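Welcome! Here is a short guided tour of one protein, written for someone meeting its fold for the first time. Take a look at the sequence and the 3D view, and keep them open as you read.

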Amino acid sequence: MADIPRMRTLPEAMLEIKSLDPHSALTLTALRRMVNNGEIPYVSVASKRLINLDILLKILQNAGQTQSDEKI
């Protein structure tokens, strides 16, 4: 059987993140903003936007590596 992507609505994805890290600072509003800005790919199904949970977790895991912590 092929691996089935773990597609979630944005609120469902937030519940998964909170279950993995109850103290996560990520909010549903921030997650929506990331989707709207094209930082997280999504699929539209009717009026819902679905995101691949595994891709989201990889993006969040690599977030600190793509941005510089240096300030001018």
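Among the contacts in this protein that have a separation of 6 or more, 46% are between residues 24 or more positions apart. Keep in mind that the model you are looking at is predicted. The protein has 72 residues, and 24% of them count as buried.

**The overall layout**

- The protein contains three helices and three strands.
- If you follow the chain along its sequence, you meet these elements in the pattern β-α-α-β-β-α.

**The sheet**

- In what order do the three strands sit in the sheet? The order is β1-β3-β2, in an open sheet with antiparallel pairing.
- β1 (7-9) and β2 (43-45) are the edge strands, and each has a single partner strand, so one side of each has no neighbour in the sheet.
- From one strand to the next, the twist averages 40°.
- β1 and β3 (residues 48-52) run antiparallel and are joined by three bridges. To find this pairing on screen, look for M7, whose bridge partner in β3 is N52.
- β2 also pairs with β3 in the antiparallel sense, again over three bridges. Here you can look for V43, which stands opposite L50 in β3.
- β2 and β3 make a hairpin with two residues between them. In its turn, A46 has a positive phi of about 55°.

**Helix α1**

- α1 lies across β1 and β3, and it runs at about 105° to β1.
- Which residues of α1 are buried? They are L10, A13, M14 and I17. These residues cover an arc of only 100° around the axis, so they are on the same side of α1.
- L15 and S19, on the other side of α1, are exposed.

**Helix α2 and what follows**

- In α2, the buried residues are L31, M34 and V35. They also sit on the same side of their helix, because the arc they cover around the axis is only 100°.
- G38 follows α2, and its phi is positive, near 80°.

**The nonpolar core**

- In soluble globular proteins, nonpolar side chains tend to be buried together.
- The largest nonpolar core here is made up of twelve residues: L10, A13, M14, I17, L26, L31, M34, V35, I40, I51, L53 and L56.
- Three elements give two or more residues to this core: α1 (10-20), α2 (28-36) and α3 (53-66). α1 gives the most, with four residues.
- One core member to pick out is I51. Leaving out residues up to four places away in sequence, I51 touches R6, M7, R8, L10, A13, L31, V35, I40, P41, Y42 and L56.

**A closer look at S24**

- Where is S24 in the chain? S24 is in the loop between α1 and α2.
- Is S24 buried or exposed? S24 counts as buried, because its relative accessibility is 15%, and the cut-off for buried is under 20%.
- The side chain of S24 reaches the backbone nitrogen of L26 at 3.2 Å.
- Apart from neighbours within four places in sequence, S24 is in contact with I17 and K18.

**A closer look at I55**

- I55 belongs to helix α3.
- With a relative accessible area of 38%, I55 is partly exposed.
- I55 and I40 are 15 residues apart in sequence, and their C-alpha atoms are 8.1 Å apart in space.

Methods:
Residues numbered from 1 in each chain as written. Predicted model: local features only at pLDDT ≥ 70, side-chain atom pairs only at ≥ 80, totals over all residues. Heavy atoms only, no water. Core = buried A, V, L, I, M, F, W, Y, C linked by side-chain atoms within 4.5 Å. Buried < 20%, exposed > 50% of the residue type's maximum accessible area, 1.4 Å probe, protein only. Contact = heavy atoms within 4.5 Å. Arc of directions from axis to C-beta. Pairing = 2+ DSSP bridges. Axes fitted to C-alpha atoms, helices over the stretch in contact; angles between N-to-C directions. Polar contact = N/O pair within 3.5 Å; in protein donor to acceptor, adjacent residues only side chain to side chain.
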